[in-house]
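Colleague: Could you take a close look at one part of this model for me, the contact between the two chains and the charged pairs around it? Walk me through it in one go.

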Amino acid sequence: MTDEERIDEIIRNAASDYNRPPATPKDEMWTAIQSAQKSAGPRLHITAGGASRSASEAHGTAARFSQKFMWIGMAAAAAFLLATGVGIGRWTNTSGPETAQQDTVRHIVEAPANTPVAPPNEVGPSSAPEVEPSSSEKAPPRDVQPASRTRSREDIRRNPEIVRKGGTLPRYVGIPQTTNNGFATAPVNTTYQVATQRHLADAEALLTSFSLGTRDERMDAQFAVWAKGLLSNTRLLLDSPAGDDPRRAKLLQDLELVLAQIVQLSPNAAAQDRELIQGSIQSENVMTRLRTAIPAGQPREITER
Amino acid sequence: MMALKVPDARRGWVSERQLIARVVDGDPAAQRELYESHVDRVYRLAYRLAGEDELARDFTQLTFIRAFERIGDFRFESSLATWLHTIGVSIALNGLRKVKTARTREAPIEAASSIGTITREAEPDLKVRLKEAIDSLSEKYRTVFLMHDVEGFTHEEIGAALGIPAGTSKTRLFQGRAKLREALADFRGEWIS
């Protein structure tokens, strides 16, 4: 046994006394769980920025909140879903009169879910002949590059053979598959998928602006208003099927915390408060995870058409 | 209450599936049985992470409330215990962040002693120093260290609960231990001799 191993063992033994838990208060906790379950309204969260509270108290607050702001939330959710639906509708109806493009879309849907996406420099019309089925099939998943929506659609329209040969599969199609950012998309409704990605793109824009923006009261107020809307949507998404994927849910929960902090940032907030928020963003790698979760150029292009 | 069998035994899996099916059907006795089978480990981990009984109770309760709400979504891709710990760790870490933020707003941050700069002025007890050192670890190292070295979770279980690969869990444990050794370097002479 080396010295380090011996020291590790001593530390491990001593650490068994660190926060040594007492006997589990099973019955008391079970009573609290039952009372919380009997109360109306299933939404349960530890409130952002506040100290922890008992489950029943937190539940009561959540219920009161949802009663008070239920109509606002429902209206916001309806507007959000309507906008998303219109975006999807407009996007799906954009296929032109060319039969080649219709053919392409059919082939996109028929393509296998794990078909690798060709790197950007291989997708262009000039390089299309270089895309060989064998080389595409041999490409390992880690080499898969996110395909730009505009580039892929245009290139596929010009050269449907790329798709027939398994050369590219844009993820924006919305068919069940697993994205290369690690988020499982199969069980999630396309609407939620698009809505989540658009939401994450908006959140990224806010956090980037917050990190780079100048510090004055007016800006802080604008950030708070912006973050408030995003916070509502984050919570809606957490309770929707979009929150079923553990990784996405974790990202949304971390995002919820950061947004709640920004919402609560007072106009006269000290630099320390902003640093705390920046610390939350950095410690959880929120920006990196957001950018990983957003396919290249996807959400905005879909909804802005 | 009857405890569940070990999950890796075929019989255990069957009984776990049956139990979950009963919980999904809304059987209160099944809920209680599931709770009794797992509450100790969930509470222990919550307490290790939080260090306070009240917080540990809150986290544990929320874990089971959320688990009962979402048990219908459980896909048997992992053991029920792993699924519960995924929920529990997520709730505990998020809750601790919120509590920490609230507390730092209430009181000014005191000059924090960082790992590696602790001087051995008052010859404090090892446990006190170790507690300081563990508290000073960043969340990712502290969580993995407590789960593995203190509570005995495997790297696979930790990876599933934290949403990271098992290899990352090993790396974090290695780095966390190194930071602790560094923080307690002035005990090294006594330990080796």
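Modeller: Sure, let's start with B:Glu36, which is buried at a relative accessible area of 16% (buried means under 20% relative accessible area, exposed over 50%, partly exposed in between, with a 1.4 Å probe and protein chains only). Before going on, bear in mind that this is a predicted model, where local features need pLDDT of at least 70, side-chain atom pairs count only at pLDDT 80 or more, and totals for chains, interfaces and linings use all residues. Residues are numbered from 1 along each chain as its sequence is written, chains are lettered from A and ligands numbered from 1 in the order in which they are written, and side-chain values use heavy atoms, with hydrogens and water left out.

Back to B:Glu36: its partner in a salt bridge is B:Arg32, with 2.8 Å between the closest N and O atoms (a salt bridge is a side-chain nitrogen of Lys or Arg within 4 Å of a carboxyl oxygen of Asp or Glu). B:Arg32 counts as buried too, at 19% relative accessibility. Both residues sit in helix H2 of chain B (residues 28-50), 4 residues apart, or about one turn of the helix; helices here are DSSP runs (H or I, at least four residues), numbered from the N terminus, as are strands (E, at least two). The pair also belongs to a salt-bridge network that links A:Lys26, A:Asp27, B:Arg32, B:Glu36 and B:Asp40.

That network takes us to the interface. Here 56 residues of chain A are in contact with 58 residues of chain B, contact meaning heavy atoms within 4.5 Å. The two chains bury about 5400 Å² between them, 58% of it on carbon and sulfur atoms; buried area is the accessible area (1.4 Å probe) that two parts lose on being put together, summed over both. The rule finds 9 salt bridges across this interface. One to look at joins the side chains of B:Arg181 and A:Asp8, at 2.8 Å from N to O. On chain A's side, helices H1 (3-15), H2 (26-38), H12 (246-263) and H13 (271-283) each supply at least two of the residues that touch chain B. H1(A) gives the largest share, 10 residues. By type, chain A's side divides into 24 nonpolar, 14 polar and 18 charged residues (Ala, Val, Leu, Ile, Met, Phe, Trp, Tyr, Cys and Pro count as nonpolar, Asp, Glu, Lys and Arg as charged, and the others, Gly among them, as polar).

For context, the structure holds 26 salt bridges over all chains. Among them is A:Arg291 with A:Glu204, 2.8 Å from N to O. This pair links distant parts of the chain, with A:Arg291 in helix H14 (residues 286-293) and A:Glu204 in helix H10 (residues 190-212), 87 residues apart. A:Arg291 is partly exposed, at 44% relative accessible area. Over in chain B, B:Asp135 forms a salt bridge with B:Lys131, the closest N and O atoms being 3.5 Å apart. B:Asp135 is partly exposed at 40%, and B:Lys131 is partly exposed at 37%.

One caution on confidence: chain A averages a pLDDT of 65, and 51% of its residues score at least 70, pLDDT being the predictor's confidence in each residue, from 0 to 100. Over residues 40-66 of chain A the pLDDT is below 50, and pLDDT also stays under 50 over residues 160-180 of chain A.
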